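Reader: Please take one part of this chain and look at it closely. I would like the sheet, together with whatever packs on it, described in one connected account.

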Amino acid sequence: MQRKVVRVRRVRGVLPAIAMLTALAAGLTACTDGGGSGTTIDAKAGANAGTGAQPGKYRSLPMPCKAADAKKVKAMLPAAEALAPEAREALYAGVADASYDADRRVGCRWTAQTPTETRLLFVGFERVVSYDRASTSDDDKARQVYGRQLTAANLPAPVPSSSPTPSGSGAPAPGAPTPSTGASTGASTGPGASGGPSGSASPAPELGSRVLEGLGNESFLDDKLAAAGASAAQARTVRIVFRTSNVIVTVEYSVQPALPGAIPPSGETQDRARQLAQALGERFNE
């Protein structure tokens, strides 16, 4: 009888141990199948990834000195005939702006001088990044940056129209008002505005500043006249700004005559600036 009792006690000691091992194995299986903390973190990450704002299309910027179309740059910046080949090459190579982050903001400048005028050209790229991806995408942030520049140029936001301006056209839609800055108004009536002697021909109309179509997602042109130094000449500066996704592109073209009374024509100056801007827009769409 005593031996039987001992055996029963040993069996009773083994049963709780087996139960504990079974419970432990079940717990490990539950963690592996989705009950553990690792799976919970992955699920949250997947949920957050779907709710956050999307990053912009562009993660880097091209080099503006090389991105600008070389033929168009030469047409915009005629060099003096006496300029040495080395100096001519340096002129068209451009000078890059100092940048602490070439993936966020870069620029390039060109300067050409002749006995009759000085021409300046600037091309700049800014990649806009939103630091609040939970509510604002890179594109939305870039749209805000562009909007502030549009307001600074005293231009209204574009209104949808049933007769949009054809792509590449320098004139607004038929019947639409032509906004212009105060400096540009009436400037074409001055001497030399038509490129010929006074009274020889009707001066070309001032195109003025305006919102553009067919360039990037949205764009505008700012045209201003200002006194060119101590002479009576008028310097014209045309600035084109356009947004393509999360990148803001700026083209600024200035013509500063040395002859008194000379006024650079708005049509030619704007047309050359727009051609370069259009080429840059195509460069980003490649």
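Author: Read along the sequence, this predicted model follows the pattern α-α-α-α-α-β-β-β-α-β-β-β-β-α. That pattern comes from seven helices and seven strands. The chain has 286 residues, and 35% of them are buried. Among contacts with a separation of 6 or more, 63% join residues 24 or more positions apart. The accessible surface is about 16,800 Å², and carbon and sulfur atoms hold 57% of that surface.

The sheet is the part to follow. Its seven strands make an open sheet with antiparallel pairing, in the order S1-S2-S3-S7-S6-S5-S4. The edges are taken by strand S1 (95-96) and strand S4 (210-212); each has a single partner strand, so one side of each has no neighbour in the sheet.

Helix H5, residues 85-93, packs on the sheet and touches S1 and S2. The direction of H5 makes about 140° with that of S2.

Strand S3 is a convenient place to start within the sheet, since the order of strands puts S3 between S2 and S7. S3 covers residues 117-127, and ten of its eleven residues are buried. On one side, strand S2 (residues 105-113) runs antiparallel to S3, and nine bridges join the two. Within this pair, Val106 stands opposite Phe125 of S3. Three residues lie between S2 and S3, and the two strands form a hairpin.

On the other side, S3 pairs with strand S7 (residues 247-257), again in the antiparallel sense, over eleven bridges. Glu117 has Pro257 in S7 as its bridge partner. S7 in turn pairs with strand S6 (residues 234-244), antiparallel and over nine bridges. There the bridge partner of Val238 is Tyr253 in S7. As background to these strands, side chains in a regular strand alternate between the two faces of the sheet.

Helix H6 is the next element to place. H6 (residues 138-152) lies across S3, S4, strand S5 (218-227), S6 and S7, and runs at about 160° to S6. H6 has 15 residues, and the distance from its first C-alpha to its last is 21 Å, close to the 21 Å expected at 1.5 Å a residue. The buried residues of H6 include Asp138, Ala142, Val145, Tyr146 and Leu150. These residues are on the same side of H6, because they cover an arc of only 145° around the axis. Arg148 and Thr151, on the other side of H6, are exposed. The packing fits this division: the buried residues of H6 pack against S3, S4, S5, S6 and S7. Just after H6, Asn154 has a positive phi of about 60°.

The loop that leads into H6 deserves a word as well. Thr136 lies in the loop between S3 and H6. Thr136 counts as buried because its relative accessibility is 17%, and the limit for buried is under 20%. Residues up to four places away in sequence aside, Thr136 touches Ala53, Ser130, Lys141 and Gln144.

A second loop residue also has contacts with distant parts of the chain. Ser60 sits in the loop between helix H2 (37-51) and helix H3 (64-67). With a relative accessibility of 40%, Ser60 counts as partly exposed. Apart from its neighbours within four places in sequence, Ser60 is in contact with Asp103 and Arg127; residue 127 is the end of the S3 range, 117-127. Ser60 is also 9.5 Å from Val247, C-alpha to C-alpha, although the two are 187 residues apart in sequence. Residue 247 begins the S7 range, 247-257.

The remaining element to describe is helix H7, residues 266-284. Its 19 residues should span 27 Å at 1.5 Å a residue, and its end C-alpha atoms are 27 Å apart, so the two values agree. The buried residues of H7 include Ser266, Thr269, Gln270, Ala273, Arg274, Leu276, Ala277, Ala279, Leu280, Gly281 and Phe284.

To return to the sheet: S3 pairs with S2 over nine bridges and with S7 over eleven, while H6 lies across S3, S4, S5, S6 and S7 and H5 touches S1 and S2.

Terms used. Residues are numbered from 1 along each chain as its sequence is written. This is a predicted model: local features need pLDDT of at least 70, side-chain atom pairs count only at pLDDT 80 or more; totals for chains, interfaces and linings use all residues. Side-chain values use heavy atoms; hydrogens and water are left out. Buried means under 20% relative accessible area, exposed over 50%, partly exposed in between (1.4 Å probe, protein chains only). Helices (H or I, at least four residues) and strands (E, at least two) are DSSP runs, numbered from the N terminus. Two strands pair if DSSP finds at least two bridges between them. Contact means heavy atoms within 4.5 Å. Axes are lines fitted to C-alpha atoms, for helices over the stretch in contact, and angles run from 0 to 180 degrees between N-to-C directions. The expected span of a helix is 1.5 Å times one less than its number of residues. The arc is that of the directions from the helix axis to the C-beta atoms. Accessible areas come from the Shrake-Rupley method with a 1.4 Å probe; for residues, only the protein chains shown count as cover.
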